[in-house]
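I opened this model to look at how some of its helices pack. My notes follow the order of the look-ups.

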Amino acid sequence: MYVEIGHYFFILSIFVALAYKKKNLSFFFSLYFLVLTICFFSFLFCYVSSDFSIYSVFTNSNNQLPLFYKVSGTWSNHEGSLLLWCWILSLYGFFFCFRTRNEVALTGAPLMIHKWIALFFSVFLCLTSNPFLRISFLSTDSGKEFNPVLQDPVLAIHPPCIYAGYVASTIGFCLCVSGTQQKKHTAREINESGKLKDHCGKRKAVILRSVLRTITRPLGSAYWKLIRIWILTCWCFLTVGILLGSWWAYHELGWGGWWFWDPVENASLMPWVLATACIHSVISFRLNSWTFFLNIVTFLFSLLGTFFVRSGLLASVHSFATDSQRGIFLLSFFFMASLSLLKKNRTTGAYDHLSEIEQILKLQLTLLCIICLVVLCGTAAPVLFHLLAQREVSTGAPFFNGTIIPIFICLLLVLVYIHYRSAQQAHSNHSVFLCVLFIIHVIFIKLIADLSYLESFCCALCFSLFFSFFLFKPSAPMNMILSHGGVCILITGVILSNTKKIQITQIMHFGFEQNIGNGRLCCLRSIDQLHGPTFQSICGNIACVSNHDTKAAIAAHHYFEKVISCVQSTDLASDLTRSVDSFVMFPEKRFCFSNPETSTTKVAIHTNFFTDLYALIGTGSFETGWYTTIMKLPFIFCIWIGFVLASFGGFRSLIRQLSKQKLNWN
């Protein structure tokens with residue numbers, strides 16, 4: 001019964017969207033949100049109750065899955081993810097309408113655009129990817145399940161955060177498109193008032209222009225406030241989603257890193273970069289044309305990212321669809337929206353006289369757009385070459401690192417210059433001190449950390465940017481310090497972890513000892529077999545000893561091996577190893593019952609806050625040995641701390657903007 005209820009309410013949501021009227025905004029969006037809520041939770045209950053008469057449940061779930069993964073399986077497939085997209089879109093529309101329910105003149109045009117976007121996704125979902133589609137035979141169980149690599153608690157939260165960021169850009173898009181039309185109308189009136197100069201005199205024309213600007217400024221301020229709120233919402237959720245996805249890739253994939261320039265990763269990175277640029281452009285009212293453009297392009301790249309995930313054209317470990325026809329609808333909508341909007345919304349700024357800081361800020365925005373364009377070219381190049389030239393081209397880390405790193409260094413340099421240039425107006429006597437401080441940073445990092453000059457230069461820029469808030473901007477908002485400081489710590493962690501990384505991959509037999517770094521001794525003790533509810537696995541038992549004296553470390557290792565062999569409990573073993581400064585890691589290689597030919601890797605990671613020891617087990621046998629990879633990754637914690645600080649600063653800024661009654665321009 002709940003399947004039919006969900007299906008009927010899903011069809012009803014399309015008719016509710018068609019019956020939209022401006023007179024009853026609150027009633028319409030409350031009804032639309034209620035209808036899609038019933039529809040979404042009916043679909044979720046199909047997974048929880050294992051209703052295998054639904055095609056989506058039959059192909060992505062089974063009875064052996066834990067309840068948590070059954071719930072997350074709702075949005076880990078093509079149909080469920082788009083249904084979640086539509087539900088979040090209705091939720092945002094409800095919040096937007098509720099918050100601005102007393103300003104019908106402000107919300108009428110944006111909500112009309114919101115209605116057509118919601119209608120498009122509902123019709124697209126109904127025609128090409130109906131989540132309530134039934135199978136033609138009776139089944140009480142399914143031998144299939146969604147990708148075992150995706151069965152991770154962190155990754156279960158990752159997709160809703162990415163969708164929440166994508167959909168938040170939709171509201172900003174609606175505001176900017178409607179605001180652009182209003183801006184054109186106002187600019188036309190102001191320009192026509194200039195023609196009165198010949199008939200009414202210069203003084204009357206100036207008075208008329210000031211009156212028109214005074215009339216339209218309150219409505220414009222309300223638009224800017226809402227645009228800033230929704231672009232911050234987009235940026236915050238995308239940051240949290242990228243953080244969770246990077247954490248999952250680091251702990252699950254076994255590649256020894258957190259970012260691999262995967263097409264799906266790039267799909268979320270491009271809107272994040274554009275949202276970052278938009279947050280900086282909305283600071284100045286004179287850059288309103290940039291704000292309009294960046295908001296619109298952020299939404300369009302969110303659509304493009306949705307196409308990348310669901311088209312089946314790009315190979316990825318977390319891509320949903322294998323049918324490219326369904327992604328063609330999204331791609332066609334992307335191109336139609338791009339051509340129509342970029343043609344009609346060629347806005348010109350109302351202010352032609354920009355200050356030096358604003359001109360440098362425009363350069364910063366341009367560099368961010370170039371980074372986004374490079375990521376787009378590198379992501380789409382394999383598909384375009386395959387379709388147009390019938391050639392196989394791959395773009396990996398060498399391409400992205402070689403093109404983006406120089407642009408990013410220029411961006412950091414511009415960002416540091418903006419901060420110090422704005423502070424120099426009040427502290428002109430600090431210019432010499434800044435030069436000395438910068439040189440000291442370069443020399444210090446070069447001598448202490450043994451980095452290259454380019455890496456030292458990047459770290460010096462990060463330190464200079466971080467310290468600028470305390471030296472010259474003590475009254476800067478805390479959210480600004482947290483966000484920029486988090487990005488600086490993140491970049492520093494990326495540089496140091498890649499430079500100081502140690503990796504050893506080789507065949508290890510039982511009792512084989514390997515030195516990792518200074519005084520770190522690792523030994524493969526045994527290979528065990530484990531059984532889980534949906535898998536069986538081989539588990540490596542790797543003992544590690546840490547000591548500055550190698551001989552003492554070897555003696556401690558042999559003592560550790562004798563004691564640990566008599567202990568069956570892992571917790572008790574860990575307690576015994578503390579006396580000899582040792583620990584044990586248990587990497588796994590899992591084989592699922594539903595598909596024994598597919599294997600997944602469970603990485604063993606030991607963290608002492610400053611350094612991660614990273615181990616994984618590969619293929620092998622008891623006779624030939626086992627392929628084993630052991631890595632030493634220092635300063636990885638800086639990456640996670642930087643992400644968390646940036647996210648916290650973004651959410652703090654969002655809460656601060658929500659509590660404001662109006663946007664104060666500097």
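**Helix pairs**

I began with the relation of two helices: helix 1 and helix 2 are roughly antiparallel to each other. The model is a predicted one.

I then looked up the geometry behind that. The axes of helix 1 (residues 2-18) and helix 2 (residues 25-48) come within 8 Å. They cross at roughly 150 degrees. Angles over 145 degrees count as roughly antiparallel, so the pair is put in that class. I noted the handedness of the helix 1 and helix 2 crossing as left-handed.

Next I listed who makes the contact. From helix 1 I found residues including Phe9, Phe10, Leu12 and Val16. From helix 2 I found, among them, Leu31, Val35, Ile38 and Phe45. By class, I have 17 nonpolar residues, three polar and no charged in the contact of helix 1 with helix 2.

I checked the length of helix 2. Its 24 residues should span 34 Å at 1.5 Å a residue. The end C-alpha atoms are 34 Å apart, which agrees. After helix 2 comes Ser50, with a positive phi near 55 degrees.

My second pair was helix 17 (residues 478-499) and helix 20 (residues 636-658). Their axes come within 7 Å and cross at roughly 160 degrees. Helix 17 and helix 20 are therefore also entered as roughly antiparallel. Helix 17 passes helix 20 in a left-handed crossing. What classes of residue make up the contact of helix 17 with helix 20? I have 14 nonpolar, nine polar and two charged.

Note on methods. Residues numbered from 1 in each chain as written. Predicted model: local features only at pLDDT ≥ 70, side-chain atom pairs only at ≥ 80, totals over all residues. Heavy atoms only, no water. Axes fitted to C-alpha atoms, helices over the stretch in contact; angles between N-to-C directions. Helix = DSSP H or I, 4+ residues; strand = E, 2+ residues; numbered from the N terminus. Parallel < 35°, antiparallel > 145°, perpendicular 65-115°, else oblique. Left-handed = near helix turned anticlockwise from the far one by under 90°. Nonpolar A, V, L, I, M, F, W, Y, C, P; charged D, E, K, R; others polar. Contact = heavy atoms within 4.5 Å. Expected span 1.5 Å × (residues − 1).
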